[in-house]
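Hi,

Here is the structure I promised to pass on. Have a look at it first, and my notes are underneath.

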Amino acid sequence: MAPIPCRPTGNDRGGSRSKPHPSWGWGGMAAAMAVLAAPLSPTSTGAAVEPQQRDEVRVVIGDSIGAQSSIAVPDCLPLTSDPTTLEASRTIARVLWDDLDFEREFRMIPRDVYRTIPVAASLIDIPFDRWRELGADGVVSCTVAARGGRQLEIAARLYSVQSGESAFGKLYTGSTRDIRLYAHQLSDDIHRDQRGLEGVARTRLAFVSDRDSESVFGLVENRPVKEIYIADYDGANPRRVTVSGSLNTNPAWSPDGRSIGYTSWLTGFPDVVVSYLFEGRMATPVEGDSRRQNFLPAFSPDGRRLAFNSNRNNNNDIYVANVDGTGLLRLTNHPAIDTSPTWSPNSQQIAFTSDRTGTPQIYVVGADGTGLRRLTYETYCDRPTWSPPPFNEIAYSSRTGPGHDIKVLDLATNEERQLTFGLGSNESPSYAPNGRHIAFMSTRNESKQIYVIGRDGRGLRRITSAGNNEMPSWSR
Amino acid sequence: MHDRRHASWMAGAALLVPVIFFQAACSENPPPVIPEPVVVAPTPIDDPPEIVPSARPPAPAPPPPPAAPILTPDEEIAAQSLAEINRALLLEPVFFGLDGAELDERGRRVVEANADVLARFPTWNVTIEGHCDERGTPEYNLGLGELRALAAQRYLLELGLDPARVRTVSYGKEFPFDPGNDESAWAANRRAHFVITEK
């Protein structure tokens, strides 16, 4: 009996845990990095849950073409009676249900439907008849136990209700600091194992917020401080990244998830700042000042270069530089406004906004400055965002009335589709790393808030609620 | 959000009232000081009822014996702090049309008036901020705000201002003057705002 292969998670998203050392010049901001001490990622121990069947028999829940299989996620079974374990047994199940529901690979049976079904007596003692009655194809069974003072051990399995076989099983141990992360990791593991899908449950959103209701200190009154924040992809665990008491906008994750570039007005003039989250270090690689202002950074998907906007030659154009600021290349040279750069997945092309015909429209150009081509012919388009593979499309914000809506242009067919329809203004789209969802800002409920929506326009979710939140960037 | 904004406007208004008389006239919805761009010349400074130096030590009592040094109106202004000078809006904002960055006739008059003020106070340096209304996208608006600031700067330089005395910065739509969502708020927000940064 070989164990079910327990895939190494390969997840070092949390990065190194070295203590941030505020050594950089902007004291307040560097110190703020300490806030970011990342939660401990639950690590799968490599010890797999005892399987029920031979390794070569691969069980996949609902792999028949066309039928979406239904899954139930009842509360986990607490094996110890301490409050942390009891809370974790409920939280993990609830968050896992949301995570699995998000990708819409399974039809999730609402949890209140099976409140009366008793929690399994053990990891393997499942009341399959009751789940069959409910029409479930799969049921998640999990146990939670406290180990030592601050450790949890979570064992989880996905059973086929039809056959009673275990389709997936894994054991997780880790700290009690972020219980939701166990559910996120489990969801990503189930999606990978059962659907070959890279889920996004452990990704994060960076965004701009005025939620702390501070005012900029300066010669003009009543100006709200806007800082960069990050949160889990579902909005939980929001944390502040910058403490500048100033205006900060346009956050953009580096592809390795270890730094965020953004536009900062801390010096009184906009410059591109890169905050290295786990190192407590910041950089201004393209060296702005009052005569050389820089905005709107975008990391190339290979992580090597930054595209950004600059007025350094007395005109707003797109520039590209290596992440350390060397190798500066002027990509556009036109008296009109050229702005909002975004990279193609292979880092070979850049799409951007230009008003060279009188209104802002989307263009694409090679990363060497050659091959300029116009993409949109609408009233007003901005903030193009190139999808990750396997999709080949660009999401953008388009003026459709008094406000804007999110649209997607399929680059293969040149067809556009609209995802939002005139509720408030909808701006600043950003793709999930697997391309299946788009985060954006909407004013549909008065204030500015971040929402996510499927690339097919279904499954709208509101992510933020405190203060105003805008300009999301989805980590890779 | 709106509550908070209003609360801070209130606080701002409370500060403004002792400084600017006409404030008192119009404060149903605590108003940002939106000076209508005046087509006429700059507020004559030798007739200063609008600017009451409040925070300064009481001027030497009623001046029957003209012994104590009497400040000229310009000297009185120059003696104020940068915050006071900016609050009084000696330099008026220039307003723009929707999606536009061209100075119209009215805008040119305002810049000319501001140039006169800067000529009277030759040590003052100014930063011109470009701002937009909320209807554009935040990204494109950074560029549009910059064009507005540059348009005002260009005319100031044509009028002979030393280029070393002026800077420009765009804030896009991030700092609306009027947090409202109607035509009048939008019109007030499409502006080049002049801030004295050094004196």
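Below is what I found on the cysteines and on one of the cavities.

Keep in mind that this is a predicted model. Across all chains there is one disulfide, and it sits in chain A, linking Cys76(A) to Cys142(A) with an S to S distance of 2.0 Å. The torsion about that S-S bond is about -80°, so the disulfide is left-handed. As for what it connects: Cys76(A) is in the loop between strands E2 (70-72) and E3 (77-78) of chain A, while Cys142(A) belongs to strand E5 (residues 138-147) of chain A, so the bond ties together parts that are 66 residues apart in sequence. Both Cys76(A) and Cys142(A) are buried.

I also checked two other cysteines. Cys381(A) has 0% relative accessibility, so it counts as buried (the cut-off is under 20%). Over in chain B, Cys132(B) is buried as well, its relative accessible area being 2%.

Now for the empty space. The count is eight cavities of 30 Å³ or more, and the second largest has a volume of about 100 Å³. Its lining is made of 15 residues, and those nearest the centre are Pro74(A), Asp75(A), Ala120(A), Val140(A) and Ser141(A). Which element gives the most to that lining? That would be E5(A), with five residues, and E5 of chain A is also the strand that holds Cys142(A). Sorted by class, the lining of this second largest cavity has 11 nonpolar residues, three polar and one charged.

Cheers

Note on methods
Residues numbered from 1 in each chain as written. Chains lettered and ligands numbered in written order. Predicted model: local features only at pLDDT ≥ 70, side-chain atom pairs only at ≥ 80, totals over all residues. Heavy atoms only, no water. Disulfide = S-S within 2.5 Å. Helix = DSSP H or I, 4+ residues; strand = E, 2+ residues; numbered from the N terminus. Buried < 20%, exposed > 50% of the residue type's maximum accessible area, 1.4 Å probe, protein only. 1 Å grid on protein atoms, 1.4 Å probe; cavity = no way out; pocket = protein on both sides within 12 Å on 5 of 7 lines; lining within 4 Å. Points joined across faces, edges and corners; volume = space filled by probe spheres on them. Nonpolar A, V, L, I, M, F, W, Y, C, P; charged D, E, K, R; others polar.
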